[in-house]
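Biologist: Could you take me through the backbone of this model, with a close look at the places where its geometry is out of the ordinary? I would be glad of a word on the surroundings of each one too.

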Amino acid sequence: MTLTDAAIRNAKPDDKPRKLADGKGLYLLVTPSGGKLWRLKYRYAGREKLLALGQWPEVSLKDARARCIEARALLAQEIDPGEVKKAQKARQRQLAEDTLEAVAREWISRHLATKAPGHRDKVIRRLERDIFPYLGNRPVAEVTAPEILAVDCATPFL
């Protein structure tokens with residue numbers, strides 16, 4: 001039996017976690033605290049695995065089914081959807097860590113270490129004053145040349 005939106009809305013928490021099955025390994029886990037979490041149970045390389053697909057109502061029944069179909073398509077290609085999700089999370093985390101300011105400071109430590117202290121200090125001061133307040137916390141992969149050129153600098157950069 002497949003789930004309906006009404007059944008999900010009316011699902012009440014119990015003393016223990018409860019599973020409401022939708023089919024093809026997809027189910028809604030109703031926690032004792034009232035959370036409603038989408039889960040997909042699947043097998044990969046002979047082992048049973050569990051994939052978190054999101055929380056209801058942020059992820060609707062329709063979206064959960066679509067995510068289930070995507071995961072099943074990966075399984076058909078002999079790709080573990082759990083590993084794909086981990087790789088995507090790691091990539092997002094890496095993008096978030098590689099901000100323009102972090103990359104610029106690393107560049108300064110590598111390439112300006114042999115330069116005169118006055119020059120290095122001037123470059124750092126100008127970056128801190130003119131670039132970092134506007135673009136410093138953005139992932140470096142997302143910063144474009146026109147954005148850098150659009151920053152209003154009081155003095156020439158270098």
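Modeller: Happy to; here is a walk along the loops, with a stop in one helix at the end. Please keep in mind that this is a predicted model.

Let us begin with K24, which sits in the loop that links β1 (18-23) to β2 (26-30). K24 is not a glycine, yet its phi is positive, at about 60 degrees. As for its surroundings, K24 has a relative accessibility of 68% and counts as exposed, because the cut-off for that class is over 50%.

Further along the chain comes A45, in the loop between β3 (36-44) and β4. Here again a residue other than glycine has a positive phi, with a value near 55 degrees for A45. A45 is exposed as well, at 68% relative accessibility.

On the other side of β4 (47-55), the loop that leads to α2 (61-76) holds P57. The feature to look at there is the peptide bond from W56 to P57: this bond is cis, and its omega is near 10 degrees.

Last, a stop away from the loops, for a side chain. D130 belongs to helix α5, which covers residues 117-135. With a relative accessible area of 5%, D130 is buried, since that class takes in residues under 20%. The side chain of D130 also has a polar partner: it makes a polar contact with the side chain of R129, at 3.0 Å.

Key: Residues are numbered from 1 along each chain as its sequence is written. This is a predicted model: local features need pLDDT of at least 70, side-chain atom pairs count only at pLDDT 80 or more; totals for chains, interfaces and linings use all residues. Side-chain values use heavy atoms; hydrogens and water are left out. Helices (H or I, at least four residues) and strands (E, at least two) are DSSP runs, numbered from the N terminus. Buried means under 20% relative accessible area, exposed over 50%, partly exposed in between (1.4 Å probe, protein chains only). A polar contact is a pair of N or O atoms within 3.5 Å; within protein, one must be able to donate a hydrogen and the other to accept it, and residues adjacent in sequence count only if both atoms are side-chain atoms.
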